[in-house]
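Me: Got a minute to go through this one with me? I'd like to start with a side-chain contact and work outwards.

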Amino acid sequence: AVCSMGNSTSRLYSVLAKTLSSGAVSQHQDCLEQLDSAQLDPIDPKDLLEECQIVLQKRPPRFQRNFVSLKKNTASNHRPIRVMQWNILAQALGEGKDNFIQCPMEALKWEERKCLILEEILAYKPDILCLQEVDHYFDTFEPLLSRLGYQCTFFPKPWSPCLDVERNNGPDGCAMFFLKERFELVSSANIRLTAMKLKTNQVAIAQTLKCHETGRLFCIAVTHLKARTGWERFRSAQGCDLLQNLKNITQGAKIPLIVCGDFNAEPTEEVYREFSNSSLNLNSAYKLLSPDGQSEPPYTTWKIRPSGECRHTLDYIWYSQHALNVNSALGLLTEEQIGPNRLPSFNYPSDHLSLVCDFSFNQDPDRLL
């Protein structure tokens, strides 16, 4: 089914309805590696969305989230660039390790959960998509998103915890997707983060893109820092390493920068302050939703584990505030929408909320930092 994807909805459905086991991935690896997205038939996103909705017809409808306009009076003569950030929850971790005690296992079935993820992506139509905890890249996201017109990049963790789970689908990692009709890839770097001079299990992807419409260059990066309490200094060191890499790539902020990620860090942590105070002049886009423009949202993840309820702000979209404007941002789910059993759920596929922002270039590209 993976090798013979055509443009009929029946074949689309076969891609959506089947999930390769780890054995099947191994069996079909040659086929997956030979897939050339340029030679595959494009998918109409409306057709794919319809197929997702067929699979999800017994589930509750998607939550309604609205964009909040943040645009200042500065007029822009180009289409905004929509960036989506999301930790989608690795399937192996959701089923095998994370132990969401209020979430029925039925809600985590990959055959349906992947359709919830795709439905969310198709609803917001990002120009650039940054994902963490991707462990179904080769059998789901790359084959489908490449046929929607995205250029796809994946960088797995060297020692992914997914590999400890029986019947896993390979390692999880960070993935980046951008629409080829809007951008040209200028350079790409896969970064294995270091901390205290040691290579770590956390990674980042940084790509410099050229916007076809404006001719402007910018850098987009995605990362996922070390999790858990007690690793604050480690995350701080990883953040410093990532910032140094990004300073080199952006020539010290001459190239505008957007950084998406699950930082596994509250705004009170040192790594957050490092990004806030960096010479790259970064600001956190979702602060702009607060009344004073200075406060992060109250949560970007909310789950219940055996140890108790976890409600944290860990996910961010950072941007060069001297070179980019945030036109709008997608509002977060309310506590009422999330419900008493928290995330994930039959309504929502991940324990993290997706973040989506529309950016435009500052009209004065030579403006000094």
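Me: What joins the side chains of Asp172 and Ser160?
Reply: A polar contact of 2.5 Å. Keep in mind that the model is predicted.

Me: Where does Asp172 lie?
Reply: Asp172 is in the loop between strand S4 (150-156) and strand S5 (173-179).

Me: Is Asp172 buried or exposed?
Reply: Buried, at 0% relative accessibility.

Me: Which residues does Asp172 touch, not counting those up to four places away in sequence?
Reply: Ala90, Glu133, Val134, Asp135, Phe154, Pro156, Lys157, Ser160, Pro161 and Cys162.

Me: And Leu163, where is that found?
Reply: Leu163 also sits in the loop between S4 and S5. Leu163 is partly exposed, with a relative accessible area of 44%.

Me: What is Leu163 in contact with, leaving aside neighbours within four places in sequence?
Reply: Asn168, Gly170 and Pro171. As for Asp135, its C-alpha is 9.9 Å from that of Leu163, and the two are 28 residues apart along the chain.

Me: How do S4 and S5 run?
Reply: Antiparallel, joined by seven bridges. Pro156 stands opposite Gly173 in S5.

Me: What packs on the sheet there, touching S3, S4 and S5?
Reply: Helix H7 (residues 137-147). Its direction makes about 160° with that of S4.

Me: How many strands form that open sheet, and in what order?
Reply: Seven, in the order S1-S14-S15-S2-S3-S5-S4, with mixed pairing. Strand S1 (67-69) and S4 are the edge strands, each pairing on one side only. The twist averages 20° from one strand to the next.

Me: Which strands does H6 lie across?
Reply: S1, strand S2 (81-87), strand S3 (128-134), strand S14 (324-330) and strand S15 (355-361). H6 runs at about 160° to S2.

Me: Switching to the inside. How many residues has the largest nonpolar core?
Reply: The count is 71. Those with the most contacts inside it are Ile128, Phe141, Phe177, Ile220, Ile258 and Phe359. Helix H6 (residues 110-124) gives the most to this core, with eight residues.

Me: What is Ile258 in contact with, its neighbours within four places aside?
Reply: Val83, Cys219, Ile220, Ala221, Ile317, Trp318, Tyr319, Leu324 and Phe359.

Me: What does the second, separate core include?
Reply: That core has 23 residues, among them Ala206, Cys219, Ile255 and Phe263.

Me: Back to Ile258. What stands opposite Ile258 in S9?
Reply: Ile220. Strand S8 (residues 217-224) and strand S9 (residues 257-262) pair in the parallel sense over six bridges.

Me: What order does the open sheet of six strands have?
Reply: S6-S7-S8-S9-S13-S10, with mixed pairing. Strand S6 (183-195) and strand S10 (282-284) each have a single partner strand, so one side of each is left without a neighbour in the sheet. Neighbouring strands are turned by 20° against each other on average, direction ignored.

Me: Which helix lies across S6, S7, S8, S9 and S10?
Reply: Helix H8 (residues 232-249), running at about 150° to S6.

Me: Last topic. How many disulfides does the structure hold?
Reply: Zero.

Me: Why is there no bond between Cys130 and Cys260?
Reply: Because their sulfurs are 3.9 Å apart, too far for a bond. The cut-off is 2.5 Å. Cys260 holds the closest cysteine sulfur to that of Cys130.

Me: And how far is Cys174 from the nearest cysteine sulfur?
Reply: The sulfur of Cys130 is the nearest, 8.8 Å away, and Cys174 is in no disulfide. Cys130 is buried at 0% relative accessibility. Cys174 is buried too, with a relative accessible area of 2%.

Terms used:
Residues are numbered from 1 along each chain as its sequence is written. This is a predicted model: local features need pLDDT of at least 70, side-chain atom pairs count only at pLDDT 80 or more; totals for chains, interfaces and linings use all residues. Side-chain values use heavy atoms; hydrogens and water are left out. Buried means under 20% relative accessible area, exposed over 50%, partly exposed in between (1.4 Å probe, protein chains only). Helices (H or I, at least four residues) and strands (E, at least two) are DSSP runs, numbered from the N terminus. A polar contact is a pair of N or O atoms within 3.5 Å; within protein, one must be able to donate a hydrogen and the other to accept it, and residues adjacent in sequence count only if both atoms are side-chain atoms. Contact means heavy atoms within 4.5 Å. A nonpolar core is a set of buried Ala, Val, Leu, Ile, Met, Phe, Trp, Tyr and Cys residues joined through side-chain atoms within 4.5 Å. Two strands pair if DSSP finds at least two bridges between them. Axes are lines fitted to C-alpha atoms, for helices over the stretch in contact, and angles run from 0 to 180 degrees between N-to-C directions.
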